[in-house]
Every structure is written in C-alpha cells, then in structure tokens.
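Reader: I'd like a close look at one part of this model, and I'd rather have one connected walk-through than a list. Here is what I'm looking at.

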Amino acid sequence: MPIVSIYRDHLVEALGQSLITSEKDMIMRETGSGERAKEASEAVIYKVEVPANRYDLLCLEGLVRGLQVFKEQIPSPRYKRVPPASGEMQKLYIKPSTQEVRPHCVAAVLRNITFTSESYNSFIDLQDKLHQNLCRKRALVAIGTHDLDTIKGPFIYEAKPPADIKFRPLNQTKEYNAVELMDLYSVDSHLRHYLPIIRDKPVYPVIYDSCGVLLSMPPIINGDHSKITLDTRNVFIECTATDLTKAKIVLDVLVTMFSQYCAEPFTVEQAEVIQCDGSSAIYPELKHWEAVLKVDEVNKKVGIRESGETIATLLTKMCLKSEVIEDGSKVKIDIPPTRADVIHACDIIEDVAIAYGYNNIKKTIPNSGTIAAEFSLNKLTDLLRQEVAMVGFTEALTFSLCSQDDISVKLRKDIKSAPAVHISNPKTLEFQVARTTLLAGIMKTIASNKNMPLPMKLFEISDVILKDNNYDVGVRNERRLCAVHYNKNPGFEVIHGLLDRIMQLLAVPFSRECGYHIRSCEDATYFPGRCAEIVYKGEVIGRLGVLHPDVIVKFDLSLPCAALEINIHPFL
Amino acid sequence: MADLAETILCNLASADAIDSLDLAKQLNEEHQKIVGAIKSLQSLGEVIQCEQVASKRWELTDEGRQVLKNGSHEAHVFNAIPTEGITQAELMKIVPNAKVGFSKAMSAGWIQIDKKAAGGPKVTRKVDSIEDKVKLLLGQIQDLSVNDVTEKDKLEFKKRKMLQEVILKSYLLKKGAEFSTSVEKPETDLTPEMITSGSWCTKKFKPYNFDALGVTPPSGHLHPLLKVRTQFRNIFLEMGFTEMPTNNYVESSFWNFDALFQPQQHPARDAHDTFFVSDPALTENLPMDYLERVKKVHSEGGYGSQGYKYDWKIEEAKKNLLRTHTTAVSARMLYKLAQEKEFRPVRLFSIDRVYRNESLDATHLAEFHQIEGVVADYNLTLGDLMGILGEFFKKLGIKKIRFKPAYNPYTEPSMEIFSYHDGLKKWVEIGNSGIFRPEMLLPMGLPEDVVVIAWGLSLERPTMIMYGIDNIRELVGHKVNLQMVQDNPICRLTRPATLESCYVEEPSSHWHGHIAH
C-alpha cells in the first residue's frame with residue numbers, strides 16, 4: 001500500500017484546528033493506519049498508509065478533504081468542468097504516428113491557480129505517486145504539466161524518429177536530441193527506469209505547441225521551456241497513455257485535487273482532444289454517476305441493522321453523497337470522479353462498513369453444517385511421514401525450485417532428458433527450474449549439516465513437478481517419498497529395509513505378481529551394479545541404490561550414500 | 001585396591017584420625033593410591049568421614065639438591081682458585097655456573113680481582129678458608145630442622161631457584177557413622193541373577209547420579225514447520241473445513257489472476273513479482289465459455305460492475321506461472337462448485353506452497369506456505385467472516401483480534417487482521433481476509449445470493465515466531481539446521497506464551513498470504 005508522508009503542521013493548518021487524538025483516530029479509520037514517523041527532524045511527519053485504490057487520498061489536499069467531509073465540517077465538493085471564459089478551448093490533435101507507440105492523450109487546464117511552496121510541492125509529489133502507482137511506473141500513463149502562458153495552442157501530439165527530436169529538457173542547460181537523451185538518462189537514478197518503455201520503438205511520442213515548442217517527450221521528460229513554477233497561474237495538463245481509462249482517471253484525480261487552489265475552486269477548464277480519426281472528445285470527464293442500493297441489501301451484506309438515513313449519512317461522510325429514496329427502502333448515491341475505485345455496489349457497501357467501523361459489527365457464526373474431509377493424498381502423506389520418522393529418519397523440507405545443475409549435472413543426467421519446468425525470469429541460479437527429484441534437495445541438506453553425527457538418515461515426502469501434456473497447464477505435481485542414508489558405509493541394506501517396512505505399512509506383500517519386488521537396473525546417478533528399480537504390480541514406481549561417487553562429490557560430500565525415491569500415488 | 005582400602009580402615013580403627021600423607025609414609029604407598037582408596041571408601045556412604053587439608057612445606061629444587069651434595073657455586077669458584085691466582089677468563093672456563101659463583105664469592109668477600117694485571121684481569125683468594133654456609137643451610141632445610149634458617153635466607157634460596165614452597169593436599173580421615181573394617185563392594189545395578197536368587201535384598205547398590213542426563217533415544221524427527229502445519233490442518237478439520245487439492249504448483253495466469261478479477265496490468269503480474277514459466281510457457285486448455293465471461297467483466301463490466309475497461313488479452317491469461325497464492329486453487333474449486341446442479345454450502349482450506357519472485361532475506365523466501373480458509377454459503381455477512389476468524393484464531397490461542405480496512409483486487413470488503421501483542425502493547429498484523437468480489441463469483445455461475453468469505457496467512461511466520469527462529473533459511477530449505485529439527489519440541493498452539501505473545505516483529509509481506517500486493 002502506498003505511504004503518504006505529511007507534515008503534521010501542514011495537516012493542522014489545513015484542518016483549521018489542532019490535531020487532537022480523535023483526529024488521529026479519524027486518519028486511522030479513514031485510511032487504514034496512521035503511524036507517526038520517526039522524528040528525523042524537528043517537524044513531525046505522519047506516514048499515512050493509503051489503500052492502493054484510493055488515488056484521492058494520495059496527497060495532503062485529498063486527505064484533508066476526506067477528513068473534513070468525514071467530520072461533517074464541509075460537504076463533499078461537486079466537481080465541474082467549464083468552457084474557458086474566452087470561449088476558445090485549448091485543442092490537442094493526436095496524429096496517427098502515435099498509434100503504435102502511445103496512442104492516447106487527454107488534457108485539461110487549471111485556470112487562475114495560486115501555488116504556495118507547500119501546494120506546489122504537493123502537486124509535484126502527487127504526480128510522482130500517481131506515476132508509481134496507478135500509472136504503473138509511467139508505462140500506462142505519463143503526466144505532463146506546463147505553464148500555459150509560455151506556450152500557445154493548438155497542440156500536436158505526434159511521434160517522430162528519435163534523431164529528429166531536439167529540445168532542451170527540464171532542468172538542463174543545453175539542447176539534446178532524443179538519442180543523446182536516452183544516453184544521458186541511462187545513468188539517471190530516477191529516469192533510467194522509464195527508458196525501456198520507448199527505447200526500442202522506431203518513433204518516440206512528443207507534444208509540440210503551435211510554435212513548434214516541445215512540451216514533453218512522454219513518458220520520459222518534459223521540455224524546460226514550459227516548466228511550471230511557483231508563479232505559474234495557468235496550468236496545462238496532458239496525460240499520454242497506453243490505457244485510456246487510466247489516463248482519464250489520472251487526469252480527474254489531478255484536477256479534482258488541485259482545482260481547490262483555482263480562483264473558482266473545484267472548477268476545471270475543459271480542453272478538446274481531436275483523435276486521429278477526426279472525432280473529438282472533451283476532457284476532463286469529471287463524471288459524477290449515480291447508484292441506487294437497497295437498504296436491506298446493505299444491511300444483509302455487512303451484518304448490521306441500520307436505517308436508510310443512517311446508511312446515507314455514513315456514505316456521505318465517506319465522500320459518497322447519498323440520500324434516502326422510496327420511503328427509506330433505498331439509498332441513492334452520487335459517486336464523484338474522485339472515487340474511481342467504486343465500480344460495483346460491493347465497493348459502496350464496504351464504505352458503509354468502514355464508516356460504521358469494522359470492529360463495531362457484531363461477530364456471528366454462519367450456521368450451515370459442513371462435513372470436513374482431508375485430501376486423500378495429504379492424508380496418506382501425513383501417515384507415512386509419521387512412520388518413516390518412527391523408524392529413525394529425520395524429515396527434511398527442501399525447496400521445490402533449484403538450479404539446472406542440481407537435477408542434471410550433479411546427478412549425472414542430461415537436463416534435456418528431464419521433464420523439467422523452466423522458469424523464465426529467475427533472479428538467481430537457485431530458481432532456474434522446478435525440481436524433478438527430491439534427491440538433490442536432501443543431498444544439499446546433508447552437505448549443509450556435515451557437523452551432525454553419523455549416520456545421517458533423512459527423508460522428505462513432497463511434490464516434484466513434471467511436464468505432462470495431459471494436464472491443462474501442461475504440468476503435474478507428483479508426490480514422492482525420498483530417503484537417504486549417509487555414513488561410512490553405504491547402508492544399502494538400511495534403505496532396502498526402509499522400503500520393505502514402507503511396503504509392510506502399506507500392506508503390500510513382497511511378491512512379483514500381486515505385490516512389490518526390486519530388480520537390477522542401470523541409472524547414471526547410481527553406482528553401476530548397485531541400483532534397482534522398485535516394481536509395484538508390474539509398474540516401476542521408483543529406484544533405490546548406492547549413489548555414484550561422482551554424485552556424492554558433486555554435492556560436496558565424501559562418504560558413501562544409499563538412496564530411495566518412490567512415487568506414492570499408486571498407494572492411494 | 002580393596003585390600004588397601006581395608007588396610008586403611010584397620011589403621012583407622014585404632015586411631016581417632018589419620019592424615020593420608022602419614023598413611024602413605026606408614027604403608028609405604030604412593031599418596032595417589034591412598035587417595036584413590038579413600039575415594040572408593042567415600043562412595044560407600046558413611047563408612048568414613050573425610051576432610052581435605054592443605055599444608056605448606058619448603059622443598060629443595062634439583063639445583064638445591066646439587067648444591068647440597070656438591071657445595072655451592074661460590075665454593076666451587078673459591079676452590080678452583082690456586083694460591084697464585086688465576087685469570088678471570090680461565091676461571092670462568094673451568095668452573096660450572098661460574099658467573100653466579102663468582103659474584104656470590106665476591107660479595108661474600110672470599111675473593112678479589114686485579115683488573116690491571118698483565119695478561120687480563122686476575123682473580124686471587126682473599127681469605128684462606130671458607131665455610132660453605134649455603135650448603136649447610138640447605139642441609140638443615142632438608143633435615144626439616146628449618147627453624148635455624150631465617151626467612152631471609154629461605155627467600156634468597158628461593159630466588160636462587162634452589163628452594164621451592166610446595167602445598168601438600170592430603171585428607172584427614174575419621175570414622176564415619178557406618179564405620180566397619182570390612183568392605184563390601186556395592187553392586188552397580190540389578191541383574192537377572194540377583195532377581196532369581198533373591199540376593200538383591202542383602203546387596204548394597206551404588207547410588208545413581210541423578211544430575212546426569214540420560215541416553216538420547218535413537219529416533220527420527222519430523223520437521224518443525226510441518227508439525228505446525230499438522231496443527232493448522234487439525235484446526236480447520238475441527239471447524240468442518242474440507243482440504244483442497246493444492247498439488248499443482250504451476251498455474252495459468254487465468255486461474256491465478258484473471259479468474260480473481262485481478263486486472264492484467266496489476267503490478268503483481270509483473271515479472272518482478274511473479275515467476276513465469278518458459279517451458280511449458282502457455283496453458284492451451286482453458287474453459288472458454290467461462291473465459292469469455294471473465295474477459296467481459298474485466299473489459300466491459302457486467303454483473304452490476306463497471307469493469308476495469310481495458311483491452312483484456314487471452315495471451316496474457318494463457319501465460320504459465322508458479323502460483324502466487326493458493327487462492328488460484330480456491331477459484332478452481334469455486335468454479336467446480338458452480339458447475340454442480342445445485343449449490344451447496346462449503347468450507348474449504350489449504351496449506352501449501354506459493355511463490356514470489358522477490359528478494360530474499362532473513363524473513364523472505366521465494367517459496368513459502370500459505371494457509372487459506374474459504375467459506376461459501378447463502379447470504380454470509382462481514383459479521384460472519386469476523387465471527388469465523390474469531391473462532392479460528394481462538395484455536396491458535398489468540399483471543400484479542402481487530403480488523404482494519406485494506407485493499408485487495410479480488411475481495412471487497414477487505415480486512416487486515418490484527419492481534420494484540422501483550423509484550424509489545426500494540427496491535428500487530430496476523431493475516432488478511434475479505435469477501436470475494438461479485439465480479440469473481442458471478443462469471444463462475446454461482447447464484448447471486450451466495451457469498452464467499454476467505455482469509456489467509458503464512459505458515460512460516462508463526463512457526464518462526466513460535467520456535468524463536470530468526471533466519472528463515474534455518475527453518476526451510478537445504479540450509480536447515482538439523483540439530484534444531486532434532487531438538488524441536490512438539491507443537492501446541494494454545495499453550496500460554498506461544499503464538500499470541502510471540503508476534504514480536506513487524507509483519508513481513510508473507511503475512512499477506514491473501515494479498516501481498
């Protein structure tokens with residue numbers, strides 16, 4: 001969940017009263033937990049954990065507004081978009097060249113705004129927060145804000161080859177072309193993360209004004225020319241995107257939060273975006289929409305019994321202005337553009353529950369009776385684990401991911417012949433493949449515990465992962481039992497004895513026809529002539545034997561070793 | 001030895017007290033042997049009383065004994081000087097230990113040196129005869145008539161390494177309460193013969209040392225984490241929950257994310273967070289009817305939802321991965337339930353491995369165990385979820401729990417679960433929970449009035465806390481500490497001072513069994 005840091009003094013000033021304990025409680029109720037940050041400096045900073053879908057609480061302005069509405073100090077604002085006083089809307093034309101790289105763009109104007117250094121910083125911080133969160137590190141949406149008085153519309157959104165783009169980027173002293181810029185920013189701790197979004201594209205997106213001034217090269221950097229300052233009075237906002245819905249939300253959040261500082265608060269000057277097919281759209285959308293919920297339904301889902309009026313009051317406190325309709329049986333809710341997280345009645349019901357207070361809801365137990373059952377494979381596993389431990393083996397619990405070498409080279413096998421699942425994006429060699437045998441993990445466990453007294457007798461009953469086209473994902477798990485004896489002598493008879501005991505416990509007789517037997521086989525992992533396959537009702541279910549000396553050495557061990565590995569599914 | 005012990009007892013019979021050193025002299029035995037016999041007499045109980053005593057004594061060193069025998073170094077020097085004198089160089093050559101002897105003879109005024117003599121410094125006698133007082137005094141010390149020797153002399157001799165002070169430890173023996181001159185050797189242990197013959201009733205037995213530890217029984221051992229897993233399984237079974245088949249670690253993105261109404265651009269679907277599978281890379285076999293409904297609810301909405309309004313792609317849904325939560329299995333189970341003719345209420349649980357492609361540290365691994373509980377029934381409420389969670393955590397010995405709003409793409413409402421930590425005097429997070437969204441359940445075909453509640457937590461975290469393990473690698477994986485496995489106690493969750501009082505650290509993301517993103 002995103003963390004928003006706020007100076008206590010700013011919060012106090014904005015709320016217009018000193019922050020008493022109950023206010024802190026409010027923060028906690030409204031947004032989750034309010035935790036006092038460590039006092040690094042003199043100023044007290046509150047770190048507020050905000051749910052990842054509440055974009056309207058990502059800045060001081062939004063948090064204060066939310067608290068004031070919750071405290072019923074102010075009504076929830078009604079956000080409006082209006083045409084400019086001049087009658088001439090700012091226009092932005094989207095050129096077809098953008099369609100392959102970053103096809104969408106929305107825009108709006110904050111007119112007659114007055115920044116203070118606090119609100120200016122908050123404006124920048126909010127863009128940062130949105131970029132990290134909703135904009136998916138600028139991959140989905142990138143925001144550009146410009147001093148409208150330094151540029152002149154109409155604006156052109158197009159895409160050009162990198163070498164043809166030349167401008168002075170934000171906070172730089174000279175001009176660069178886009179190729180040079182990519183190079184320049186490849187060492188920038190902040191911007192380098194965004195370069196891959198467009199780096200390999202043949203054309204890069206750019207926005208120009210009517211005089212050919214470059215506003216921005218999204219999603220990397222703005223031009224220096226149109227940068228906003230504390231003195232900026234009119235802000236032109238553009239959001240370019242690969243996801244139009246997200247772009248609209250981002251624009252709505254920005255303008256609803258900061259139109260509060262405009263001469264006419266909560267009012268936003270609209271702009272026209274002309275698509276490459278010639279159609280046009282007016283932004284920001286700032287759509288308020290209505291939902292109607294049955295009071296009964298709300299009570300039933302939360303587990304409370306409250307009147308329509310109470311529910312409407314609770315929702316209104318949550319910035320969802322509500323009124324009772326149809327004799328109190330229903331509630332009509334106005335969902336403001338700040339609440340893009342509300343997409344279903346259940347989202348509204350959650351707000352009722354939050355405003356009511358989760359911990360005030362009466363705990364109840366559903367009365368349906370259900371008959372429990374264990375998963376048969378897990379039940380067998382647990383029974384066998386007990387028994388194998390009883391005969392003196394200690395249980396290991398190893399990773400199901402490992403390196404290719406663990407299941408191939410170290411076992412004297414070819415990785416190509418293993419039905420192994422390969423991981424495409426492992427961060428280390430330890431997670432290259434899913435294991436196809438439990439043996440490697442146990443050998444590694446012994447290697448990490450060489451200080452333990454001999455003999456070491458370890459076992460594990462767990463899943464290996466095998467490619468298998470009979471399953472929808474092309475893979476199945478197989479539950480195996482693996483046991484290893486490590487001592488000054490191989491102890492084949494110990495492992496063999498364990499097999500006999502397991503079969504005895506599974507009520508499987510030693511019989512070629514109707515039970516189990518073992519027969520000699522060759523397996524590169526095992527010492528020649530010291531390996532047998534275990535046959536159960538005519539099918540091979542595993543192997544046992546003395547490990548090949550090379551295998552022992554490759555696992556960084558030095559003593560003889562006998563092992564057993566069987567599939568336990570046939571015994572279900 | 002027994003003979004010696006009896007001899008000692010005989011000696012003691014006629015005396016009030018005997019010192020072991022005197023005994024040694026008297027019996028002409030090494031003192032050590034006497035001490036051994038005394039020890040074995042002591043082990044018989046109250047036969048003798050024994051008290052350790054220490055005494056100090058002066059004793060000649062080897063050098064001291066040499067001097068006593070042959071005379072002091074200074075006497076040697078004096079005797080080596082002929083009446084006409086001798087060069088110092090020559091003197092030094094012919095007399096052993098001449099250096100010490102020379103300086104002592106000089107300071108005693110026995111000899112003199114003429115440094116200006118022709119042919120080098122020359123030494124001559126200064127007196128006609130001498131009395132070798134050193135030898136005399138050492139003789140007196142040896143004869144124990146030490147009183148004639150002054151402390152000053154003794155210290156001087158000690159300095160010259162001819163004398164040393166030794167501390168003698170000996171035992172002062174007295175008769176004990178059960179004193180007797182005949183010794184019966186006690187039996188070490190009961191034997192079958194003694195039982196048969198009945199001789200045990202007249203025998204004496206050596207006392208046991210109850211301060212020693214017993215012999216470790218030969219044994220196998222179960223793994224601590226799986227012992228805790230067993231207890232969690234039992235809790236679910238006690239509460240009527242059926243275990244889900246979670247033995248499918250590789251899952252399609254469809255079941256792991258899309259079916260849960262988790263949008264395709266969600267950060268959890270990033271390669272940074274999730275292990276994707278390159279071989280076999282794709283799931284080809286998806287339930288197409290259902291998939292179409294899922295696609296629609298993501299991209300356009302429906303079932304009362306506005307949807308996420310984005311371009312949903314089947315290619316994204318087909319991507320195989322290592323499941324990031326067991327909720328993927330819960331989704332499969334709920335879908336299966338929805339395909340049954342008539343809905344029936346179910347309670348389901350699972351405890352199995354899940355995977356996160358995250359940076360490893362002392363509390364985070366790329367694979368860990370998620371505990372998950374799911375209840376599907378008509379008209380369940382948030383109060384029901386809180387009630388069931390209350391019962392569940394009560395069985396873990398956690399009585400005080402609270403709930404906090406949270407966000408999770410597939411549950412609404414969502415609640416983080418906190419328990420009060422008595423030691424830290426604060427609330428700490430112990431799990432995640434919520435009600436599955438209608439956008440997840442309705443496309444499956446579940447009836448509209450069916451509500452599904454669920455919660456999750458990790459198995460590793462409570463286990464580490466319960467057993468006081470700081471580094472998760474010591475618990476899970478091949479770097480496990482086997483000694484810890486072998487010494488590990490049985491798992492009793494509701495014992496005081498176990499789980500509840502143990503939640504000491506900030507919760508790691510592993511607690512977010514259910515959410516984590």
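Which residue stands opposite A:Ile566 in β29(A)?

Author: Keep in mind as we go that this is a predicted model. The residue you're after is A:Leu481, which stands opposite A:Ile566. Let's stay with that strand for a bit.

β29 of chain A covers residues 561–567, and seven of its seven residues are buried. Its side chains point in two directions: A:Cys561, A:Ala563, A:Glu565 and A:Asn567 go one way, while A:Ala562, A:Leu564 and A:Ile566 go the other. Both sets are buried, with A:Glu565 and A:Asn567 included in that.

Now for the partners. Strand β25 of chain A, residues 475–486, runs antiparallel to β29(A), and seven bridges join the two. β28 of chain A, residues 539–547, pairs with β29(A) as well, again in the antiparallel sense, this time over five bridges. If you want a landmark for that second pairing, look at A:Leu544, whose bridge partner in β29(A) is A:Leu564.

From here, step out to the nonpolar cores. In soluble globular proteins, nonpolar side chains tend to be buried together. The largest nonpolar core in this model has 99 residues. Those with the most contacts inside it include A:Val484 and A:Leu547 from chain A, along with B:Phe232, B:Phe392, B:Phe393 and B:Trp455 from chain B. Helix α16 of chain B, residues 382–395, supplies the largest share of this core, seven residues.

B:Phe232 is a good one to click on. Setting aside neighbours within four places in sequence, B:Phe232 is in contact with B:Ile351, B:Ile371, B:Phe392, B:Leu396, B:Leu457, B:Leu459 and B:Pro462. There's also a second, separate core of 64 residues, and A:Val4, A:Leu57, A:Met257 and A:Tyr283 are among its members.

One last stop, for a charged residue. A:Arg136 sits in the loop between α4 (117–132) and β7 (141–147) of chain A. A:Arg136 counts as buried because its relative accessibility is 14%, and the cut-off for buried is under 20%. Its side chain makes a polar contact of 2.9 Å with the side chain of B:Asp270. Leaving out neighbours within four places in sequence, A:Arg136 is in contact with A:His131 in chain A, and with B:Gln265, B:His266, B:Pro267 and B:Asp270 in chain B.

Terms used: Residues are numbered from 1 along each chain as its sequence is written. Chains are lettered from A and ligands numbered from 1 in the order in which they are written. This is a predicted model: local features need pLDDT of at least 70, side-chain atom pairs count only at pLDDT 80 or more; totals for chains, interfaces and linings use all residues. Side-chain values use heavy atoms; hydrogens and water are left out. Buried means under 20% relative accessible area, exposed over 50%, partly exposed in between (1.4 Å probe, protein chains only). Helices (H or I, at least four residues) and strands (E, at least two) are DSSP runs, numbered from the N terminus. Two strands pair if DSSP finds at least two bridges between them. A nonpolar core is a set of buried Ala, Val, Leu, Ile, Met, Phe, Trp, Tyr and Cys residues joined through side-chain atoms within 4.5 Å. Contact means heavy atoms within 4.5 Å. A polar contact is a pair of N or O atoms within 3.5 Å; within protein, one must be able to donate a hydrogen and the other to accept it, and residues adjacent in sequence count only if both atoms are side-chain atoms.
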